[in-house]
Amino acid sequence: MQGITELTIALTKGRLAGRTMELLGRAGYTCEEMADKHSRKLIFRNEEQKLNFFLAKGPDVPTYVEYGAADLGVVGSDVVLEENRRVYEVLDLGFGRCRMCVAGPPEARELLDSGAMLRVATKYPEIARDYFYHRRQQTVELIKLNGSVELGPIVGLSDVIVDIVETGSTLKENGLLVLEDVCDLSARMIVNQVSMQLKARRIREVIGGLREQLEAEGRK
Ligand code: PRP
């Protein structure tokens, strides 16, 4: 009898990894080793199910998957869009829901609608470029930041920002508001293109198991 095909799964460090492991657990895929919160290990294994898991920074997950260091990955669709790697996106996991928005102070609305040359601060230059150049057909100056993007309009670095809005409280507490919706976001499962062929059976089984679990939970 042929053994089970080994799979390696790259997870996005933090809350997304926790939600992913919970969902995998409900679908019957577990990893006891990962439960130890004090461990400094980076890679975890379930010997019986021949599954390896590792934790990576979100933007690195599509890189590991494209190069085949991981067969599967779980990452936000913001990162999938921004990184634009050669991977298959196979499943919307339904959690980590939020929106990508253009936001700014109330007075930026007029500026935005006037078509004037705007300064846009963002952690997501590719998403922002695509939105302004292709959907709004507006020329803008993009300024890449690495976090706390809401500071941009407050300190006069930019007119608006393109950023993730979840509860909206960061915007509100900083006197900013949503000016435009760019797209909805959620956690996605991505797959290495070669693994999808070579490990088709096992990968389909995992995706199918997760999809069934999500559908069953959706029906509740
Ligand atoms: C994200 C995002 C917003 C905030 C939105 O930042 O960039 O700043 O969360 O959430 P809210 O609508 O619920 O307030 P994150 O906390 O990841 O940190 P960062 O600003 O350093 O990127």
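This passage describes the nonpolar cores, the ligand surroundings and selected residues of a predicted model. Local features are reported only at pLDDT of at least 70 and side-chain atom pairs only at pLDDT 80 or more, whereas totals for chains, interfaces and linings use all residues. Residues are numbered from 1 along each chain as its sequence is written, and side-chain values rest on heavy atoms, with hydrogens and water left out.

The largest nonpolar core (a set of buried Ala, Val, Leu, Ile, Met, Phe, Trp, Tyr and Cys residues joined through side-chain atoms within 4.5 Å) holds 27 residues, of which Phe53 and Leu72 touch the most other members. Two or more residues are given to this core by each of strand 1 (7–12), helix 1 (15–26), strand 3 (51–56), strand 4 (72–76), strand 11 (187–191) and helix 9 (200–219), where helices (H or I, at least four residues) and strands (E, at least two) are DSSP runs numbered from the N terminus. Helix 1 supplies the largest share, five residues. With residues up to four places away in sequence not counted, Phe53 is in contact (heavy atoms within 4.5 Å) with Ile9, Leu11, Met21, Leu24, Thr30, Cys31, Met34, Leu42, Ile43 and Phe44. Apart from this core lies another, of 18 residues, including Leu118, Tyr124, Phe132 and Val160.

In helix 9, the residues Ala200, Arg202, Ile203, Val206, Ile207, Leu210 and Gln213 are buried, the term buried denoting under 20% relative accessible area, exposed over 50% and partly exposed in between (1.4 Å probe, protein chains only). Asn46, in strand 2 (residues 43–46), is likewise buried, with a relative accessible area of 10%, and touches Thr30, Cys31 and Leu51 when residues up to four places away in sequence are not counted. Ala103, which lies in strand 6 (residues 98–104), has a relative accessible area of 2% and is buried; leaving aside neighbours within four places in sequence, Ala103 is in contact with Val160, Ile161, Leu171, Leu177, Val178 and Leu179.

The residues around the ligand, taken as those with a heavy atom within 4 Å of it, include Lys123, Gly147, Glu150, Asp163 and Ser169. Polar contacts (pairs of N or O atoms within 3.5 Å; within protein, one must be able to donate a hydrogen and the other to accept it, and residues adjacent in sequence count only if both atoms are side-chain atoms) join ligand oxygen atoms to a polar backbone atom of Ser148 at 2.9 Å, to a backbone N or O atom of Glu166 at 2.8 Å and to a side-chain N or O atom of Thr167 at 2.5 Å.
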